[in-house]
Amino acid sequence: MEHHKYYEKEEKGLLTEFDVDQFPAVPVSSSVIPNLNDAIAEVEVCVDDRSDRVALDATIEWQPEALSLLGLILTILTTILSTLGVTIPLAIPATFRIWRKGSTGTVLISEKTDSSGISAISVLTPITTGTLGLGILFERITTSIHAVDTNPPLGENEYFLTIGLGPFSLDLGGLAPDITATLAPLTTIDIDRKNVISYTFTASEIEANC
């Protein structure tokens, strides 16, 4: 018992005050089923007090893959501008989620979405060949997430960081069939762990202020 009191005293000396105000409260309500096999990173902390909180910080550098489009970009733009009912996004979104896996099951702690816009258009094949290959390049993005698990269960808690394609709206219903075929690569866009360039993911157990 004396050892336990000494241990608590040492823990409280690490941080004197910590406060957080976040919305929505955690755990976050979600119908998404976690695929922890595709997690980017994993950290683990042991919670020894019911009043403890866990501060979670993640920084992820990511970039969508270049997208190849065949045909003249001006022709595509002209067709789009002259056709109603067509939506083509200019950025690719990624959704990052932090999950907690502990004695009470797996729950979603935080969810954030960030987007990578078009950074350049590159010529993939020479114009002299008669067919112009255009590649759309996307920006390299650094996304930061700061969240606090305000009520973690006692014992070992694992936190997983995952990445996936964010809300993506693509409607090609108003386009002529030949243009639809030209833009077909847009329908295969995906974001997963292979798009992650670098990351840092930390979890810190924080004792109660009083």
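## A walk through a strand-rich model

Start at the N terminus and read off the elements: they run α-β-β-β-α-β-β-β-β-β-α-β. That makes 3 helices and 9 strands, where helices (H or I, at least four residues) and strands (E, at least two) are DSSP runs, numbered from the N terminus. What you're looking at is a predicted model, so local features need pLDDT of at least 70 and side-chain atom pairs count only at pLDDT 80 or more, while totals for chains, interfaces and linings use all residues. Residues are numbered from 1 along each chain as its sequence is written, and side-chain values use heavy atoms, with hydrogens and water left out.

Now for the overall picture. The protein has 210 residues, and 35% of them count as buried. Buried means under 20% relative accessible area, exposed means over 50%, and partly exposed is in between (1.4 Å probe, protein chains only). Next, think about contacts, meaning heavy atoms within 4.5 Å. Take the contacts with a separation of 6 or more: residues 24 or more positions apart account for 82% of them.

Let's go inside. A nonpolar core is a set of buried Ala, Val, Leu, Ile, Met, Phe, Trp, Tyr and Cys residues joined through side-chain atoms within 4.5 Å. The largest one here has 28 residues, and those with the most contacts inside it are Ile60, Ile98, Tyr159, Leu161 and Phe201. The elements giving two or more residues to this core are S1 (41-47), S2 (53-62), S4 (91-102), S5 (105-123), S6 (133-138), S7 (141-149), S8 (155-165) and S9 (196-206), every one a strand. S2 gives the largest share, 5 residues.

Which residues does Leu161 touch, leaving aside its neighbours within four places in sequence? They are Ala39, Ile40, Ala41, Ala58, Ile60, Arg97, Ile98, Ile145 and Phe201.

Ile98 comes up again when you look at Ile109, which is found in strand S5. Ile109 and Ile98 are 11 residues apart in sequence and 5.5 Å apart in space, C-alpha to C-alpha. Ile109 has a relative accessible area of just 1%, so it is buried. Right beside it in the numbering, Ser110 is in strand S5 too. Ser110 counts as buried because its relative accessibility is 4%. The side chains of Ser110 and Lys112 are joined by a polar contact of 2.9 Å. A polar contact is a pair of N or O atoms within 3.5 Å; within protein, one must be able to donate a hydrogen and the other to accept it, and residues adjacent in sequence count only if both atoms are side-chain atoms.

Hop over to strand S7 and you'll find Thr143. Is Thr143 buried or exposed? It counts as buried, because its relative accessibility is 5%. Its side chain makes a polar contact of 2.9 Å with the side chain of Trp62. Not counting residues up to four places away in sequence, Thr143 touches Ala58, Thr59, Ile60, Trp62, Phe96 and Asp114.

Phe138 sits in strand S6. At 6% relative accessibility, Phe138 is another residue that counts as buried. The C-alpha atoms of Phe138 and Gly117 are 5.6 Å apart, though 21 residues separate the two along the chain. Beyond four places in sequence, the contacts of Phe138 include Gln63, Pro64, Glu65, Leu67 and Ile92.

Loops deserve a look as well. Ala66 lies in the loop between S2 and strand S3 (67-70), and outside four places in sequence Ala66 touches Ile136 and Leu137. Ser51 is in the loop between S1 and S2. With 37% relative accessibility, Ser51 counts as partly exposed. Ser51 and Leu154 are 103 residues apart in sequence, yet 9.6 Å apart in space, C-alpha to C-alpha.

Last stop: empty space. Rolling a probe the size of a water molecule over the atoms shows where such space is left. On a 1 Å grid over the protein atoms alone, with a 1.4 Å probe, a pocket is an open set of points with protein on both sides within 12 Å along at least five of seven lines, and lining residues have an atom within 4 Å of a point. The second largest pocket holds about 180 Å³ of space, a volume being the space filled by probe spheres set on the points. Its lining has 14 residues, with Asn35, Arg97, Thr162, Ile163 and Gly164 nearest the centre. S4 and S8 each supply at least two residues of that lining.
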